[in-house]
Amino acid sequence: MDWMPIAKLIKAFAIGYPFVMAWYWMAGGLLHRWLCERHEPLADDPPVLPEYPPVSILLPCHNEEAQAEETLGVLAEIEYPDFEIIAINDGSTDRTAEILDALALRIPQLRVVHLAQNQGKSTAMNVGALLARSEILVGTDGDAMLDRHSLTWFVRRFQCDARLGGVTGNPRIRNRASILGQLQVGEFSSIIGLIKRAQTVYGRLFTVSGVKCAFRKRALQDIGWWSRETLTDDVDVSWRVQLGGWRLVYEPKAICWILMPETLKGLWHQRLRWSIGGTQAVLDATRPMFFGGKWRLLAIWLNYVASIAWAYSVCIGLLVWLVKVTLMPPHVPTLFPDAISGLAGALMVMTYLLQAGVSVALDSRFERGVHRALFWVVWYPLVFWMLQAFTAAVALPKTLLRPRGQSGTWISPDRGLR
């Protein structure tokens, strides 16, 4: 059997998919800039709202003794007239409970709830949501620092659209002590913001950022709140909210500063968890989409399926290349004999550099000196495309073999070098 046509097809897809998607994201990002941001004020200069409804901030905590005081100190300084903070201590085994109780005596807006056992972030969020006094719920993490105007920008978006079920904010990396940290600065400064802008314009978001998001309580109630069975609560709730008929959008002016892994092990575990959670959400949405007539998420469903196929095509190509260079005679062709050479390679490099430039230009209004990330952005394909391919390839069988009905707990993640 002549396998060369199949090899050429796999190679063309492995090279062509990121090339096509780069232009897809750039077009959407520029449209978002033109339609939604062109006449908008700066992030630190929000407009006066017609009214300021109460807002509840939900802060799930598990072993956050190193960050709790800093995080809650920043939350207490948010400039919004009517908000509460509900900190849910999810079975912490360190001094988190003691620290939260002490902070509650000093911060009037803070209420603390203690769960006896670690039951997972979704359960903690559900407990907080049921105790919340407000219709607008803002979710964040124990190591995040929300910008002081975040609530105003979230509320403004809800006031403009009655069918808006949720808003995702703009996370920015604050730990930059290593090469991995700098690479993620470039990633969040360019790729992630560009994709969320484009998905907002195209009408559907793959996920809100769990570290900085806001929901209408009614939208969550309609879908049965956060699911205890999911590994990534933010992806799962995003898909179910949109399947329930609500919209999600990206608000780049709702900024928060976050900590990210700065070890290869921590980064691998984080991205593998994201891949498993994304695959789980896509699989769970398949039946209601194709048999329930809920076609709202078909475009991002197809894109995710294509990304899984791309991940396997890359892994297969690399495996064949390794076998050739180590075991086979030189005259045997490989899947990628000229993958990054000639006109195709030049177009890929030029397209990616253009995408990086567009992305950084769009985010330059929200972070001073973000252009410095451009140097690190150019390494994104080498590091994070490979990481994405490997984690996606591993995540699919793990998701298919994961027992149904298994509820998730959590452990403290790698938060890098500060």
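This passage walks through the predicted model of one protein, from its overall make-up to a few helices, ring pairs and unusual backbone spots.

The model is a prediction, so local features are described only where pLDDT is at least 70 and side-chain atom pairs only at pLDDT 80 or more, while totals for chains, interfaces and linings use all residues. Residues are numbered from 1 along each chain as its sequence is written, and side-chain values use heavy atoms, with hydrogens and water left out.

To start with the big picture, the protein has 13 helices and 8 strands. Here helices (H or I, at least four residues) and strands (E, at least two) are DSSP runs, numbered from the N terminus. The protein is 418 residues long, and 54% of them count as buried. Buried means under 20% relative accessible area, exposed means over 50%, and partly exposed is in between (1.4 Å probe, protein chains only). About 18,900 Å² of the protein is exposed, with carbon and sulfur atoms supplying 64% of it; such areas come from the Shrake-Rupley method with a 1.4 Å probe, and for residues only the protein chains shown count as cover. A contact is a case of heavy atoms within 4.5 Å. Looking at contacts between residues at least 6 apart in sequence, 84% join residues at least 24 apart.

How sure is the predictor? That is what pLDDT tells, being the predictor's confidence in each residue, from 0 to 100. The mean for this protein is 84, and 83% of its residues reach 70 or more. Among the elements, strand 4 (residues 136–140) has the highest mean, 96, and helix 12 (residues 374–377) the lowest, 62.

Next come three helices and their surroundings. In helix 2, the buried residues include A68, T71, L72, L75 and A76. They sit on the same side of helix 2, because they cover an arc of only 135 degrees around the axis. (The arc is that of the directions from the helix axis to the C-beta atoms.) The buried residues of helix 2 pack against strand 1, strand 2, helix 3, strand 3 and strand 5 (145–146). Helix 3 (residues 96–106) has T96, I99, L100 and L103 buried. These cover an arc of only 100 degrees around the axis, so they too are found on the same side of helix 3. Their packing partners are strand 1 (55–61), helix 2 (68–76), strand 2 (83–90) and strand 3 (110–115). As for the reason behind such patterns, an α-helix has 3.6 residues a turn, so residues three or four places apart point the same way.

Helix 4 (residues 121–131) is largely enclosed by the rest of the structure, because 8 of its 11 residues are buried. Those are K121, S122, T123, A124, M125, N126, G128 and A129. Their cover includes strand 1, strand 2, strand 3, strand 4, helix 7 and helix 8.

On to the aromatic rings. A search of the whole structure turns up 10 aromatic pairs. Rings of Phe, Tyr and Trp (its six-membered ring) pair if their centres lie within 6.5 Å; planes under 30 degrees apart count as stacked, over 60 as edge-to-face and the rest as tilted. One of the pairs is F13 and Y17, which is tilted, at 5.7 Å centre to centre and 40 degrees between the planes. Both residues lie in helix 1 (residues 4–37), 4 residues apart, or about one turn of the helix. Y17 is buried at 14% relative accessible area, whereas F13 is partly exposed at 29%. Y24 and W25 make an edge-to-face pair, 5.0 Å centre to centre with 65 degrees between the planes. W25 is buried at 10%, and Y24 is partly exposed at 34%. Ring pairs also link F13, Y17 and W310 into a cluster.

W25 shows up again around Q199, a residue of helix 6 (residues 179–202). Q199 is buried, with 7% relative accessibility. Leaving aside neighbours within four places in sequence, Q199 is in contact with W25, R204, L205, F206 and I300.

Finally, a word on the backbone. Most residues other than glycine have a negative phi. N63, however, has a positive phi of about 55 degrees although it is not a glycine, and it is found in the loop between strand 1 and helix 2. W225 is not a glycine either, yet has a positive phi of about 65 degrees. W225 is in the loop between helix 7 (217–223) and helix 8 (233–243), and is buried at 17% relative accessible area.
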